[in-house]
Amino acid sequence: MTQGQQIIRQWYTAKQWQQFPFQKEMEKAFLKGSSGLLNAPTGSGKTFAMFLPFIAEYINNHPKDFQTRKNNGLQLLWITPLRALTNDIRKAMQSVVDDLGLPWKVGSRTGDTSAKEKQELRRKQPEILLTTPESLHLMLAQKEYPKLFENLQAIVIDEWHELLGSKRGVQIELALSRLKNLKYPDPSTLKIWGISATIGNLEQAAEVLLGNDFNPENVKLIRAKQEKKIIIESVIPENIEEFSWAGHLGIKLLPQVMEIVANSKTTLIFTNTRSQSEIWYMAILDKYPEYAGVMAMHHGSLDNELRNWVENALHNEMLRLVVCTSSLDLGVDFRPVDSVVQIGSPKGVARFMQRAGRSGHHPGATSKAWFVPTHSLELLEGAALKQAITDEVFESRDPILLAMDVLMQYLVTLAVSDGFRPEEVFREIKTTYSYADIERKDFNQMLDFITKGGKTLSQYDEFLKVEIENGLYKVNSRRVAMHHRLSMGTIVGDVSIRVKFLTGGYLGSIEEYFISRLKIGDTFWFAGRSLELIKIKDMTAFVRKSAKKKGIIPSWMGGRMPLSSQLSAKLREKLDEVATLMDEGTNGKMKSPRGLDVEVKALKPLFEIQASLSRVPLRSEFLIEKFNSRDGFHLFFYPFEGRLVHEGMASLFAYRISKLKKANFSIAMNDYGFELLTDEEILLEEALKAGLFSIENLLEDIQKSLNSNEMAKRRFRDIAHIAGLVFTGFPGKSMKSKHLQASTSLLFEVFSEYESDNVLVRQAYHEAMQFQLEEFRLRAALQRIQKLKVVITESKRPTPFAFPILVDSLGREKLITESLEERVAKMTLMYNKD
């Protein structure tokens with residue numbers, strides 16, 4: 001055993017902690033010089049598993065003076081996906097180095113780091129630096145940046161599963177390709193490790209992280225084989241509604257949720273959207289005012305100071321309840337909470353595991369999580385979720401390939417700093433997983449664009465960013481460099497407006513489109529407060545507290561998450577279990593054998609009504625329902641594949657049916673199925689014979705069934721932003737959303753007409769298919785459905801499966817004289833008369 005290992009063992013003993021087998025395995029691999037991926041669940045001690053071997057190696061390399069050596073330069077770079085994570089990890093690391101007598105500084109550089117702190121970091125580098133993907137690229141944009149990394153020994157990417165499959169993950173790949181090149185010709189001298197929770201494609205995750213220039217024999221995948229006990233219970237409504245509809249039930253279960261809170265010392269209530277967290281916080285404050293002062297809210301749009309206060313208050317056990325979103329999913333360090341409550345389906349197994357792990361957040365502890373449905377049928381998702389966890393079925397994170405917008409931004413980043421030589425950079429990026437198959441002509445098109453504006457924009461100076469000096473591609477314009485640094489990153493969304501009290505103090509930010517709907521004097525709820533809008537100036541909404549209890553709740557774009565393919569499959573399995581218990585001889589009565597899920601038992605009345613009106617489909621069947629009303633002829637299809645797949649499938653089916661007989665269709669969908677509504681009877685049987693489910697000419701038919709040009713144009717807005725084609729403005733003076741949309745639309749049309757081979761336009765069409773419609777999942781779903789027996793039923797009223805889809809279509813109408821709840825109540829009464 002080396003000196004470093006002995007000292008680490010002594011540290012564990014002093015803390016009265018046990019070093020787990022996976023931590024010892026990680027230590028052995030690191031000290032052997034390997035790189036790789038550590039797979040460990042939340043709360044298992046994975047941070048120490050990675051950090052302490054690094055310390056041990058340093059002690060081994062400097063056995064006599066490790067406690068006196070100063071000014072070592074940057075030794076360890078630790079990258080996290082969330083700024084909030086850096087504070088807690090930094091404190092934990094600083095505590096370790098202080099315990100061991102190392103005269104080290106653990107620093108952090110994120111978007112929240114002040115200019116003064118950044119200057120101090122440049123003057124005297126810490127031995128350990130925690131940062132985010134965006135801040136790492138900003139460091140690569142500094143002059144003489146290689147000096148910053150010349151002593152670097154190891155890089156750790158924390159929560160790699162959160163970055164994989166996103167353009168932020170591609171940023172990491174590109175940054176690593178450059179940092180490895182600084183160690184050229186032997187990049188293996190730089191250790192690279194990722195930390196990941198359980199996902200379905202761990203081996204591929206390691207390949208993406210390390211690139212294709214690592215020796216496979218020197219790559220390790222270490223799994224923490226610690227059993228994490230998770231107890232999951234569903235909150236069952238007292239009365240299961242025959243006609244459930246999305247979103248309305250959650251708040252009705254508030255008394256049951258608050259009973260859980262009352263019986264726990266601390267509770268996290270997770271919601272899927274920021275709007276939902278605001279609604280729940282407001283409802284609790286209204287019905288249970290005694291929680292004022294011991295309850296807080298935490299989501300990504302709140303001001304950083306507010307979020308930090310909540311995290312510190314949790315850590316110091318000052319709060320009993322926090323209503324939050326995914327902003328507290330990850331490893332933010334606070335005392336383990338007693339209970340986790342999930343409002344609505346998390347739509348993914350891994351996401352729920354991550355959230356449940358916040359309860360009992362330490363090795364060996366049991367996690368306790370409650371599932372609260374937002375509509376009756378969602379209880380079946382709760383049963384499917386529990387089954388998926390038991391069967392250890394987890395989602396994969398598919399890597400993004402050939403993201404040309406990220407590459408264009410990266411090339412300008414290198415040009416802003418010390419410049420780059422194309423041959424060298426092309427060789428580097430070919431070592432990444434994302435750009436392994438990039439063609440030289442596409443790379444040359446990127447170079448041509450940043451230097452000459454490409455084929456179409458050469459007459460406009462703002463696109464001529466990079467100059468060539470003796471083969472070196474370099475940005476010499478201070479204005480271009482400043483604009484680029486202000487625009488870097490891959491997180492895009494609607495333009496945000498900061499919310500600030502007239503008397504001073506920021507609350508956070510709200511998207512521009514929401515604020516634009518308000519008039520001066522209107523009241524809205526944000527950050528758990530009732531606020532009156534006073535004025536808007538310089539992209540800031542000035543407000544003051546309002547005494548009014550009613551106000552609009554902000555909504556943020558992209559709030560709905562689709563059902564994952566893994567959870568969809570488990571949902572269909574549960575439905576098959578129900579279908580096999582239906583006794584067709586007794587008008588659809590359902591047997592209730594021992595061992596049946598409590599969620600399924602609770603849904604027995606709903607399933608029996610479904611069976612009496614239509615059918616509960618077996619796994620070998622595909623259900624289609626017909627229903628006529630004064631609105632027209634309704635067709636309901638039930639693939640149970642998730643909202644995004646259904647969006648593409650509904651448009652595809654409508655197009656293929658209309659080829660037999662022209663018709664105008666209205667489409668509505670949810671995660672379970674979709675509706676086609678028309679004013680004339682649909683030729684369904686003919687369409688089935690003509691290949692309604694066929695995958696032949698699928699891509700062509702999808703493009704014809706949808707306005708693929710418009711979809712690509714919407715994707716291009718974000719691509720143009722990332723690629724740096726549009727400058728979104730200075731801090732506090734951002735370009736207005738409508739102006740940004742107009743600029744990117746014009747660029748899209750110019751490229752489409754005059755530069756048909758433009759790589760960014762091609763990327764826009766590809767992303768529209770891949771991300772917006774999940775074309776791969778759609779193809780797989782059709783292949784599955786082709787093998788099933790089609791069951792067509794007809795009823796006089798909508799079934800329990802159809803009703804929530806009908807309500808979903810209502811939700812998109814502008815109801816002027818009636819609220820949605822009033823309209824649904826009338827519908828329920830009408831359909832119950834039959």
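**A walk through the predicted fold**

Helix H2, residues 21-32, is a good place to start: its 12 residues carry the chain 17 Å from first C-alpha to last, close to the 16 Å expected at 1.5 Å a residue. As everywhere in this passage, the description rests on a predicted model. Phe-22, Gln-23, Met-26, Glu-27, Ala-29 and Phe-30 are the residues of H2 that are buried. These buried residues have plenty to pack against: helices H1 (3-15) and H3 (46-61), along with strands E1 (35-39), E5 (154-157), E6 (191-196) and E7 (219-223). Right after H2 comes Gly-33, with a positive phi near 100°.

Now for the chain as a whole. The protein chain has 834 residues, and 57% of them are buried. Its secondary structure adds up to 32 helices and 29 strands. Among contacts with a separation of 6 or more, 74% are made by residues 24 or more positions apart. On the outside, the accessible surface comes to about 35,800 Å², with 49% of that belonging to carbon and sulfur atoms.

What lies inside? In soluble globular proteins, nonpolar side chains tend to be buried together. Here the largest nonpolar core takes in 81 residues, and the members that touch the most others are Phe-149, Leu-407 and Leu-725. Helix H16, residues 404-416, gives the most to this core, supplying 10 residues. Leu-407 itself touches Leu-174, Ile-429, Tyr-435, Ile-438, Phe-443 and Met-446, once residues up to four places away in sequence are set aside. Another core lies apart from this one; it has 56 residues, including Phe-352, Val-600, Leu-606 and Phe-627.

H16 also holds a glutamine, Gln-409. Is Gln-409 buried or exposed? With a relative accessible area of just 3%, Gln-409 is buried, because the cut-off for that label is under 20%. Beyond its neighbours within four places in sequence, Gln-409 is in contact with Gln-171, His-484, Ser-487, Met-488, Gly-489 and Ile-722.

A further helix, H26 (residues 698-705), has Leu-698, Asp-701, Ile-702 and Ser-705 as its buried residues. Looking down the axis of H26, these buried residues fall within an arc of 105°, so they line one face of the helix.

The strands offer a neat run of pairings. Strand E18 (residues 523-526) and strand E19 (residues 529-537) run antiparallel and are joined by four bridges. Together E18 and E19 make a hairpin with two residues between them, and in the turn Ala-527 has a positive phi of about 55°. Along the pairing, Thr-523 has Glu-532 of E19 as its bridge partner, while Trp-525 is partnered by Ser-530 of E19. Both faces of E18 are covered: Thr-523 and Trp-525 are buried on one side, and Phe-524 and Phe-526 are buried on the other. E19 then pairs onward with strand E20 (residues 540-545), again antiparallel, through six bridges. In that pairing, Leu-533 stands opposite Val-543 in E20.

Some loop residues deserve a look as well. Gly-453 sits in the loop between helix H18 (440-452) and strand E14 (467-469). How accessible is Gly-453, and which label does it get? Its relative accessibility is 0%, so Gly-453 counts as buried. The C-alpha atoms of Gly-453 and Leu-464 are 5.6 Å from one another, although the two residues are 11 apart along the chain. Leu-464 is also one of the residues that Gly-453 touches, alongside Asp-448, Ser-458 and Phe-463, leaving out residues up to four places away in sequence.

Backbone angles pick out two more loop residues. Most residues other than glycine have a negative phi. Asn-71, however, has a positive phi near 55°. Asn-71 belongs to the loop between H3 and strand E2 (76-79). With a relative accessible area of 58%, Asn-71 is exposed, because that label applies over 50%. Glu-144 likewise has a positive phi near 55° and is not a glycine. This glutamate, Glu-144, is in the loop between helix H6 (133-140) and E5. At 49% relative accessibility, Glu-144 counts as partly exposed. E5, at one end of that loop, is also one of the strands that the buried residues of H2 pack against.

Note on methods
Residues are numbered from 1 along each chain as its sequence is written. This is a predicted model: local features need pLDDT of at least 70, side-chain atom pairs count only at pLDDT 80 or more; totals for chains, interfaces and linings use all residues. Side-chain values use heavy atoms; hydrogens and water are left out. The expected span of a helix is 1.5 Å times one less than its number of residues. Buried means under 20% relative accessible area, exposed over 50%, partly exposed in between (1.4 Å probe, protein chains only). Contact means heavy atoms within 4.5 Å. Accessible areas come from the Shrake-Rupley method with a 1.4 Å probe; for residues, only the protein chains shown count as cover. A nonpolar core is a set of buried Ala, Val, Leu, Ile, Met, Phe, Trp, Tyr and Cys residues joined through side-chain atoms within 4.5 Å. Two strands pair if DSSP finds at least two bridges between them. The arc is that of the directions from the helix axis to the C-beta atoms.
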